[in-house]
Amino acid sequence: MTRDDLFGSNANVVKTIFECATEACPDAIFCIITNPVNSCVPIACEVMKKANKLNPRRIFGVSTLDIVRANTFVGEMCGVNPKEMNVPVIGGHSGITIVPLFSRATPKVSIPKDKLDALTKRVQEAGTEVVKAKVGHGSATLSMAYAGARFANSIMRGLKGESNVIECCYVQSDVTEAAYFSNPVLLGKAGLEKNLGIGEINAYEKDLVSKALPELKKEIAKGVDWVKSQ
Ligand SMILES: NC(=O)C1=CN([C@@H]2O[C@H](COP(=O)(O)OP(=O)(O)OC[C@H]3O[C@@H](n4cnc5c(N)ncnc54)[C@H](O)[C@@H]3O)[C@@H](O)[C@H]2O)C=CC1
Ligand SMILES: O=C([O-])CC(=O)C(=O)O
């Protein structure tokens, strides 16, 4: 089962929850980890838009697990503690829409050219690898919980007024031609304080972004069109 296969059941769950939220707590901060994240965030925003309650600074898709995975795989490869690694991952949260930016890793790492494709693919396919390994018994659970907790903590650190809280997350965006996109954002009292954009990336990563965009736009349109059809 792919993330997109979950659309059938989860689109309605997200729609129902956001219809309630527009009544009960429209000013809350919402962190959506439900798959397919690429479509569920647009669904949530469309539902709130319909009710005239949309504040896109307060609706986030949680793609933190992709960063956690990239940090782990690169850390293992380069002999750096993954806790000390930070590899930004941009785009979306499925397959080729997941774009790891190894050129922007801190500390700086040098990935041999012949390992780059495999490493990129491993980050892109890591969720699917777990789903296949669990043969019908769900997906990543503990690592998802860790990623969700890390992101929620960052949101709360921003709300408390801590400075320089930056996470990659999937938000309504005008950074690319896709209406939703994940890249580093500054978190603060408003939720999303400032979208920091993609920043400098190399030719290899630009190519990954150009391959990601058509798929991402398709998954976004699926969510938007579905809400409009309801
Ligand atoms: N973004 C990410 O990094 C990741 C996302 N996921 C996604 O997270 C979601 C949850 O995964 P699991 O915890 O493994 O699934 P699960 O099936 O164990 O848990 C889903 C929970 O949602 C509850 N639920 C169902 N309908 C509901 C409704 N209408 N209102 C409120 N609650 C409802 C169920 O009772 C159940 O407790 C899935 O969509 C999965 O694909 C999973 C791994 C990583
Ligand atoms: O692939 C899935 O269904 C679960 C998921 O999002 C992940 O592990 O990243």
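The following legends describe close-up views of a predicted model, covering the surroundings of ligand 1 and two pockets. Local features require pLDDT of at least 70 and side-chain atom pairs pLDDT 80 or more, whereas totals for chains, interfaces and linings use all residues. Residues are numbered from 1 along each chain as its sequence is written, chains are lettered from A and ligands numbered from 1 in the order in which they are written, and side-chain values use heavy atoms, without hydrogens and water.

**View 1. The shell around ligand 1.** Ligand 1 is surrounded by 15 residues (each with a heavy atom within 4 Å of the molecule), and the closest are L6, N10, I33, N35 and M144. The shell comprises nine nonpolar and six polar residues and no charged ones (Ala, Val, Leu, Ile, Met, Phe, Trp, Tyr, Cys and Pro count as nonpolar; Asp, Glu, Lys and Arg as charged; the others, Gly among them, as polar). Helix 1 (residues 7-24) contributes the most, with three residues (helices are DSSP runs of H or I with at least four residues, strands runs of E with at least two, numbered from the N terminus). Because domain 1 (3-62 + 217-229) and domain 2 (64-211) both give residues to this shell, ligand 1 lies between them (domain bounds come from an automatic or database assignment).

**View 2. Polar contacts of ligand 1.** Contacts shown are pairs of N or O atoms within 3.5 Å. A backbone N or O atom of I33 lies 3.1 Å from a ligand nitrogen atom. Polar side-chain atoms of N35 and H93 lie 3.0 Å and 3.4 Å, respectively, from an oxygen atom of ligand 1. The protein covers 48% of the 860 Å² of accessible area that ligand 1 has on its own (Shrake-Rupley method, 1.4 Å probe).

**View 3. The largest pocket.** This pocket holds about 510 Å³ of space (an open set of points on a 1 Å grid over the protein atoms alone, where a 1.4 Å probe fits, with protein on both sides within 12 Å along at least five of seven lines; lining residues have an atom within 4 Å of a point; the volume is that filled by probe spheres set on the points, joined across faces, edges and corners). Of its 24 lining residues, L6, N35, V131, S139 and A140 are closest to the centre. Helix 4 gives the most to the lining, with four residues.

**View 4. The second largest pocket.** About 400 Å³ of space lies here, and I67, N71, M85, N86 and R150 are the closest to the centre among 17 lining residues. Helix 3 supplies the largest share, four residues. The lining has 10 nonpolar, three polar and four charged residues.

How values were computed: Polar contact = N/O pair within 3.5 Å; in protein donor to acceptor, adjacent residues only side chain to side chain.
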